[in-house]
Amino acid sequence: MSKRRAPPRHDHFEIHIPMAKRLPGLISYDVSFGPIVSPAGPSKAWLIGTLHFESLAAISEAFASEVGKQCAQDRRIYAPDTSKFQMLLFDDQAM
């Protein structure tokens, strides 16, 4: 299994997550805990954050807010290489 590793020069849990929790319209925020694996084996990912909003429109509004802009600026500090992270936006449906 791969070891969980923190990004250099940034404390995700002390800076970014508390900031993101202030996004307008945020319903809940979950983060992964422990190793991240895929069906093919260990992943290079070290953390998965799932932010829950009412809709894609609510996500867009939150990202356009002042806090959203601060989060985007902060993301450039801890993840400057956009090829090294993924952000997936989607609506969901209860089954």
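**View 1. His 12 is found in helix 1.** The model shown is predicted: local features require pLDDT of at least 70, side-chain atom pairs count only at pLDDT 80 or more, and totals for chains, interfaces and linings use all residues. Residues are numbered from 1 along each chain as its sequence is written, and side-chain values use heavy atoms, with hydrogens and water left out. Helices (DSSP runs of H or I, at least four residues) and strands (runs of E, at least two) are numbered from the N terminus. His 12 counts as buried because its relative accessible area is 7%; buried denotes under 20% relative accessible area, exposed over 50%, and partly exposed the range in between (1.4 Å probe, protein chains only). Residues up to four places away in sequence being left out, His 12 touches Ile 17, Pro 18, Tyr 29, Trp 46, Leu 47 and Tyr 78, where contact means heavy atoms within 4.5 Å.

**View 2. Helix 1, residues 12–20, and its buried residues.** The buried positions of this helix are His 12, His 16, Ile 17, Met 19 and Ala 20. They lie on the same side of helix 1 because they cover an arc of only 160° around the axis; the arc is taken over the directions from the helix axis to the C-beta atoms. Strand 1 (28–31), strand 4 (49–52) and helix 3 (66–78) are the elements against which the buried residues of helix 1 pack.

**View 3. Helix 2 and its buried face.** Helix 2 spans residues 56–64, and its buried residues are Ala 58, Ile 59 and Ala 62. These residues line one face of the helix, because they fall within an arc of 100° as seen down its axis. They pack against helix 3. With residues up to four places away in sequence set aside, Ile 59 touches Phe 53 and Leu 89.

**View 4. The largest nonpolar core, with 12 residues in all.** The members are Ile 17, Met 19, Ala 20, Leu 23, Leu 26, Tyr 29, Phe 53, Ala 58, Ile 59, Ala 62, Val 67 and Cys 71. Two or more residues of this core are contributed by each of helix 1, helix 2 and helix 3. A nonpolar core is a set of buried Ala, Val, Leu, Ile, Met, Phe, Trp, Tyr and Cys residues joined through side-chain atoms within 4.5 Å.

**View 5. Ile 36 in the loop between strand 1 and strand 2.** Strand 2 covers residues 37–38. Ile 36 counts as buried because its relative accessibility is 11%. Apart from neighbours within four places in sequence, Ile 36 is in contact with Pro 42, Ser 43, Ala 45, Trp 46, Leu 47 and Ile 48. One of these partners, Ile 48, is 12 residues away from Ile 36 in sequence and 8.3 Å away in space, C-alpha to C-alpha.

**View 6. Gln 86 in the segment after helix 3.** Gln 86 counts as exposed because its relative accessible area is 71%. Gln 86 and Ile 48 are 38 residues apart in sequence, and their C-alpha atoms are 9.5 Å apart in space.

**View 7. Leu 56 in helix 2 and a nonpolar surface patch.** Leu 56 counts as partly exposed because its relative accessibility is 35%. Not counting neighbours within four places in sequence, Leu 56 is in contact with Leu 89, Phe 90 and Asp 91. The C-alpha atoms of Leu 56 and Asp 91 are separated by 6.1 Å, although the two residues are 35 apart along the chain. Together with Phe 63, Met 87 and Leu 89, Leu 56 forms a nonpolar patch on the surface, with about 360 Å² of accessible area in total. Accessible areas come from the Shrake-Rupley method with a 1.4 Å probe, and for residues only the protein chains shown count as cover. Patches are made of residues with over 30% relative accessible area and no salt bridge, with like charges joined within 9 Å and nonpolar side chains (Val, Leu, Ile, Met, Phe, Trp, Tyr) within 5 Å; a salt bridge is a side-chain nitrogen of Lys or Arg within 4 Å of a carboxyl oxygen of Asp or Glu.

**View 8. The chain that frames the close-ups, with three helices and four strands.** From the N terminus on, the elements follow the order α-β-β-β-β-α-α. Of the 95 residues in the chain, 29% are buried. The accessible surface of the chain is about 7200 Å², and 57% of that area belongs to carbon and sulfur atoms. Among contacts between residues at least 6 apart in sequence, 62% join residues at least 24 apart.
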